[in-house]
Amino acid sequence: MSELDALIERRDEVLSKVKRISESCEGIENEENAARVTELNGKQAELIAIRDELKAKLSGVNGELSAIGKSIRELSGSGIDKILDAIKNQRWFWFAGKPKILFDRDTALLWADLNYFPYQKIEGGAYYPKEVFPLLDALNIEGFKGWRIPSVKELYALIDDKSFPFMDGKIRRIKNQYWWHALDGSNTILNLDDGNRYNRSDYTSYILPCCDALVPTDYVNNLSPSNNFYSEREKLQFTLDIFVQNDLVPLFADESITHLYRQIYVEKPALLKQLAELETQIAELQNNSLRLTANFDHRPLLAKYNVDAVNRSPIQYYQAVQSVGNALLDVLNEYESAQSETISDFSKLALRLNAKYVDSPHLTDDENRLLADRQQFLAQHLELGVDDVKHQILSIKSQADDLSARIDRINHGSNSIVELAALYVEPRVDFAFLVENAAHIVRAAQQRVDFFTRHRAFVTNVVAKWAAWTDNYKAFATNMHEELASLCRDDGVEPDTYDAWFDDWRSKRFTLEQRFLPLVEFALKGNLLSSGDEESAAERMLTILQTYRDDVDGFYLHERKNIYQKFAFQAGGDLQEKFETESELYKLTEKFQRAVQEIIFGCERTEERMFLLRWAEPLSNVPITQLVTFIQERELDVISAEVLNQFAELRRQNFAAYLADSRAYGEALQKREKEYTALVFRMRKDLMKQ
């Protein structure tokens with residue numbers, strides 16, 4: 001998998017996670033809202049990427065991000081409403097990973113957690129006399145500085161609620177102590193029991209530091225019950241904003257709310273940031289990579305345009321099409337340059353394929369057409385240059401140029417308003433689809449090179465086999481008849497006899513030749529291929545097919561005459577000879593089927609197994625078909641209709657049902673072989689009774 005493949009896969013995974021969080025946590029109540037939230041999430045990710053790239057526009061982009069975040073909250077408020085309700089019902093908050101501080105919802109003040117902070121000098125003894133201020137100046141708790149002594153008012157607000165975690169709720173004491181430092185304009189010690197205040201210089205006391213680091217401007221006034229300018233939800237949102245803006249994870253009394261908060265305000269933003277980074281990396285790879293492959297993505301290119309505006313304006317339309325055309329031509333030129341070595345190698349490989357096929361006088365029309373079609377197919381699929389692709393892109397660009405010229409002519413005419421109105425309403429393909437289609441044209445060319453680069457050995461082997469098969473068949477049609485005739489004349493076999501044998505031989509060879517191209521065509525779609533250096537299933541199948549072909553050739557050259565001589569002087573010997581011949585040929589078919597079986601069950605994909613089964617079927621059925629045809633043409637009454645029906649049933653057998661089980665497939669194949677042998681034996685036995 002290339003770097004670009006991996007990035008696109010990660011991007012899609014991140015998008016899927018964002019969508020799941022949006023749907024499960026943010027209250028998507030209908031399909032329209034879900035679509036809008038997805039759109040807004042995507043827009044939010046785009047804006048994050050823009051913010052990182054364009055620092056000068058940070059302020060404006062942040063505003064857009066804020067607006068989008070507000071829109072998401074408005075559309076998908078269920079999860080956020082739950083969080084706001086939890087804030088409403090909980091005043092004091094600890095934060096995940098920061099156990100030494102405590103947050104007050106009503107004031108936004110941070111307070112030192114007295115389980116950690118040494119509020120007294122010794123156990124049961126007073127602490128902090130006059131040196132308290134220097135100590136606070138140096139205090140750093142959980143990364144927060146600026147700690148101070150609370151005012152009397154702040155301390156009373158703390159204890160009057162009686163929900164402060166370090167009070168027992170019954171008495172107005174903190175940690176069961178009543179002497180605490182406080183300020184009211186002068187150094188003060190506050191007695192929580194009686195409310196009296198004492199001069200700090202005369203007494204020592206305990207200390208509970210607080211910090212204003214998180215307090216926004218006018219926070220307390222904005223949250224005041226007497227403030228009617230903000231709604232209750234907006235007041236709660238002020239608190240939520242403190243958590244979110246400071247990357248804090250509040251711990252709610254209800255753990256499920258904490259989990260919900262993490263998903264919406266921690267996990268989702270992190271995913272959006274990751275998404276933005278991935279989109280940026282993908283765009284950079286697509287813009288800068290010298291090896292643009294089959295994963296070229298047109299969406300970053302399309303994102304540069306306001307598609308709705310382009311579709312509405314013929315002027316923007318032709319300008320955008322020209323721009324996209326130029327961009328794609330640049331991609332093609334860069335791609336062609338980067339892949340020049342691969343393209344050159346395959347151009348050399350395809351030289352023979354590009355030569356015009358010349359009909360052989362020794363071949364029939366069907367045979368010449370088969371070889372010509374095979375050559376043409378390979379030539380087309382080995383054409384790796386991008387000239388044709390450039391022509392298609394230039395054609396699109398030329399149409400945009402024509403539209404521009406037409407507008408210019410209208411503008412120079414005397415009836416421009418009417419003519420522009422007519423041009424405005426003329427149908428034009430949607431710009432987004434036009435770009436997608438143009439990118440598809442480019443991507444198709446890239447896919448071919450990408451495929452051939454990864455499967456160079458296979459393609460080179462296919463071309464070599466094509467040349468060998470073509471030469472072999474032409475040589476067969478030109479020379480093999482005479483070679484067979486020479487062997488037969490020496491033993492007194494009549495010409496009409498060996499001519500008939502050659503016709504059968506040629507028919508079988510033609511059927512074998514017909515299997516070459518479908519196998520190659522299926523493989524060039526990415527099937528039956530290996531990823532490493534090992535021989536692919538497609539190559540092994542071509543070898544098996546060639547072995548079958550050579551076995552058939554060997555039979556007609558070396559075995560066919562012997563069978564003829566065996567039955568030449570017997571009554572009904574011609575029929576016995578035919579059945580013996582077909583039985584021997586069927587043994588070659590059995591050998592072929594066994595070899596194909598091994599390949600079939602070495603394939604993991606059902607599609608490949610099914611293809612090989614159907615691909616081999618014509619060769620597997622040829623012996624049966626020819627034998628039945630022979631019996632019917634000769635009108636052999638001695639062969640019963642029952643036997644013919646059984647042969648027909650044999651031909652109709654469907655092995656697809658056994659594709660999931662190699663053993664069952666092998667047993668079915670063996671059963672068919674036995675049935676064929678038994679039927680041939682019955683026919684030969686019936687003939688002997690005549």
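Leaving aside neighbours within four places in sequence, which residues is L528 in contact with? The answer is under point 6, after the fold that surrounds the question.

1. Overall composition. The model is predicted. The protein chain has 690 residues, of which 46% count as buried, and its secondary structure comes to 27 helices and nine strands. Among contacts with a separation of 6 or more, 72% are between residues 24 or more positions apart. The accessible surface is about 35400 Å², with 49% of that area belonging to carbon and sulfur atoms.

2. The sheet. Six strands form an open sheet with antiparallel pairing, in the order β4-β8-β3-β2-β1-β9. Its edges are β4 (147-148) and β9, each of which pairs on one side only. When reading the individual strands, recall that side chains in a regular strand alternate between the two faces of the sheet.

3. Strands β1, β2 and β9. Three bridges hold β1 (residues 92-95) against β2 (residues 98-104) in the antiparallel sense. W92 has D104 of β2 as its bridge partner. Two residues lie between the strands of this hairpin, and G97 takes a positive phi near 80° there. β1 is also joined, by two bridges, to β9 (residues 250-251), again antiparallel; here W94 has L251 as its bridge partner. Helix α8 (residues 232-245) lies across β1, β2 and β9, and runs at about 155° to β2.

4. Strands β2, β3 and β8. β2 and β3 run antiparallel and are joined by three bridges. The hairpin they form has five residues between the strands, and A108 takes a positive phi near 65° in it. L102 has W111 of β3 as its bridge partner. W111 also stands opposite C210 in β8. The two bridges between β3 (residues 110-112) and β8 (residues 210-211) are part of an antiparallel pairing.

5. Helix α15. This helix covers residues 365-381, and its end C-alpha atoms are 24 Å apart; that agrees with the expected span, because 17 residues at 1.5 Å a residue should also give 24 Å. Its buried residues are E367, N368, L370, L371, R374, Q375, F377, L378 and A379. An α-helix has 3.6 residues a turn, so residues three or four places apart point the same way. The buried list can be read with that spacing in mind: L370 and R374 are both on it, as are L371 and L378. Charged and polar residues are on it too, E367, N368, R374 and Q375 among them. The cover over these residues includes α14 (351-354), α19 (456-489), α20 (495-514) and α21 (516-523).

6. Nonpolar cores. In soluble globular proteins, nonpolar side chains tend to be buried together. The largest nonpolar core here has 104 residues, and those with the most contacts inside it are F431, W505, L524, L528 and L612. Helix α19 gives the most to this core, with 14 residues. As for the opening question, L528 is in contact with L519, F522, S536, A537, A538, C603, E608, F611 and L612, once its neighbours within four places in sequence are left aside. One of these, L612, is itself among the residues with the most contacts inside the core. A second, separate core has 58 residues, including L139, F164, M167 and C211.

Definitions and conventions. Residues numbered from 1 in each chain as written. Predicted model: local features only at pLDDT ≥ 70, side-chain atom pairs only at ≥ 80, totals over all residues. Heavy atoms only, no water. Pairing = 2+ DSSP bridges. Helix = DSSP H or I, 4+ residues; strand = E, 2+ residues; numbered from the N terminus. Expected span 1.5 Å × (residues − 1). Buried < 20%, exposed > 50% of the residue type's maximum accessible area, 1.4 Å probe, protein only. Contact = heavy atoms within 4.5 Å. Areas by Shrake-Rupley, 256 points an atom, 1.4 Å probe, with all protein chains shown as cover. Axes fitted to C-alpha atoms, helices over the stretch in contact; angles between N-to-C directions. Core = buried A, V, L, I, M, F, W, Y, C linked by side-chain atoms within 4.5 Å.
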